[in-house]
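Please walk me through this structure at an unhurried pace, beginning with its overall layout and then turning to the parts that are packed inside.

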Amino acid sequence: MRIWILLVGAALIAGGCASAPEKTDMDEKPLQHTLRFHFPANPECEKQELAVTIHGLTHNGLHMYTMGKFLASRGYETYCFDYRTTRGTVQEHAVEFKAFLETLARKYPDYPINIVTHSMGGLVTRQTLGHLCDSQPCSPGELLTRNRIKRIVMLAPPNRGSKVASAAVKYVPFSPNIMEPLPDLSYGEDSPVHKIPVPSGIPIGIIAASADIAVPRDSTSLENQSDYLVMTSSHSFIMMRTKVQRQVLEFFQNAKFKKEEPGT
């Protein structure tokens with residue numbers, strides 16, 4: 001019963017947001033993706049770089065609104081990707097996210113791409129950039145190369161799975177019918193999460209939340225991570241904390257976090 005309450009509560013949180021900002025002009029299916037939006041870079045400090053946000057399970061583009069606004073104010077041309085998280089597997093979402101990034105790569109041919117993810121968005125990003133893992137050489141004409149993808153920050157990513165997802169699948173058998181990616185997020189040695197590739201040659205920073213029930217710290221790390229930080233936060237709203245946003249900016253700029261804020 002407790003797991004069911006968590007599932008219903010998460011869905012209510014996802015739907016209880018304020019009115020949506022303007023849609024991006026890249027929206028090909030506006031009825032499905034009404035919360036993809038674009039923040040133009042602050043012209044006073046424009047970096048000629050892209051920042052792309054991708055949210056997690058049961059969330060939508062508005063959950064990354066303040067993150068996108070912050071990065072744009074610091075000079076990044078920022079796009080917030082929105083997708084129907086409960087309707088599709090991680091692999092299916094990755095196909096859609098890759099097409100979105102490729103469209104940006106064509107629109108801004110000289111701009112490096114930085115990505116900030118939340119929760120399942122980190123797994124979708126791993127799958128999207130799986131062609132950049134050590135064993136996969138880029139195919140001719142590939143737009144998303146190591147020269148284009150500059151840096152990635154993952155916020156509370158279930159890189160080793162989530163025990164909450166495993167419990168939901170085990171004790172609420174119909175839960176994958178409501179949230180299709182749940183099996184992909186399961187915890188354990190046999191979890192599909194371990195088969196999702198990890199891009200190499202790209203700096204990846206990970207920020208874990210100190211009070212995270214859904215994705216505890218031991219589930220967040222990667223072997224090839226460039227830097228790792230734990231900050232005071234819960235899972236669902238870590239991306240809205242000002243100090244977290246500053247650390248994302250720090251990593252985008254320097255490929256490392258600012259260590260003066262341990263445990264903040």
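The paragraphs below go from the sheet to a helix that packs in the interior, and then to the aromatic rings.

The model is a predicted one, and a good place to begin is its open sheet of 7 strands, which are arranged in the order S1-S3-S2-S4-S5-S6-S7 with mixed pairing. At the two edges stand strand S1 (37-39) and S7, each of which pairs on one side only, and from one strand to the next the twist averages 15 degrees. Within the sheet, S2 and S3 run parallel and are joined by 5 bridges, with Leu-50 standing opposite Glu-77 in S3. Helix H2 (residues 65-73) packs on this sheet, where it touches S1, S2, S3, S4 and S5, and its direction makes about 30 degrees with that of S1. Helix H7 (residues 242-254) also packs on the sheet, touching S2, S4, S5, S6 and S7, while its direction makes about 155 degrees with that of S5.

At the other end of the strand order, S6 and S7 pair in the parallel sense over 5 bridges, and Ala-208 stands opposite Val-230 in S7. Although S7 is an edge strand, strand S7 (residues 227-231) is mostly covered, with 4 of its 5 residues buried.

The next element to follow is helix H3 (residues 90-107), whose 18 residues reach 26 Å from the first C-alpha to the last, close to the 26 Å expected at 1.5 Å a residue. The buried residues of H3 are Val-90, His-93, Ala-94, Phe-97, Phe-100, Leu-101, Glu-102, Leu-104 and Ala-105, and what covers them includes strand S2 (50-54), strand S3 (77-81), strand S4 (113-118) and helix H4 (120-128).

In soluble globular proteins, nonpolar side chains tend to be buried together. Here the largest nonpolar core has 38 residues, of which Phe-97 and Ile-113 touch the most other members. At least two residues of this core come from each of S2, S3, H3, S4, H4, strand S5 (149-155), helix H5 (163-171) and strand S6 (204-209), and H3 gives the most, with 7 residues. Leaving aside residues up to four places away in sequence, Phe-97 touches Val-52, Ile-54, Phe-81, Ile-115, Val-124, Thr-125 and Thr-128. There is also a second, separate core of 27 residues, which includes Ala-51, Tyr-76, Phe-251 and Phe-257.

The aromatic rings add a further layer to this picture, with a count of 11 aromatic pairs. The rings of Tyr-79 and Phe-100 have their centres 6.5 Å apart and their planes at 75 degrees, and because planes over 60 degrees apart count as edge-to-face, this pair is edge-to-face. Since Tyr-79 lies in strand S3 and Phe-100 in helix H3, the pair ties together parts that are 21 residues apart in sequence. Tyr-79 counts as buried, at 0% relative accessibility, and Phe-100 is buried as well, with a relative accessible area of 4%.

Another aromatic pair, Phe-81 with Phe-97, is tilted, at 4.8 Å centre to centre and 45 degrees between the planes. Phe-81 lies in strand S3 and Phe-97 in helix H3, so this pair ties together parts that are 16 residues apart in sequence, and both Phe-81 and Phe-97 are buried. These rings belong to one aromatic cluster, which is formed by Tyr-79, Phe-81, Tyr-83, Phe-97, Phe-100, Tyr-108 and Tyr-111.

Note on methods
Residues numbered from 1 in each chain as written. Predicted model: local features only at pLDDT ≥ 70, side-chain atom pairs only at ≥ 80, totals over all residues. Heavy atoms only, no water. Expected span 1.5 Å × (residues − 1). Buried < 20%, exposed > 50% of the residue type's maximum accessible area, 1.4 Å probe, protein only. Contact = heavy atoms within 4.5 Å. Core = buried A, V, L, I, M, F, W, Y, C linked by side-chain atoms within 4.5 Å. Pairing = 2+ DSSP bridges. Phe/Tyr/Trp six-rings, centres within 6.5 Å; stacked < 30°, edge-to-face > 60°. Axes fitted to C-alpha atoms, helices over the stretch in contact; angles between N-to-C directions.
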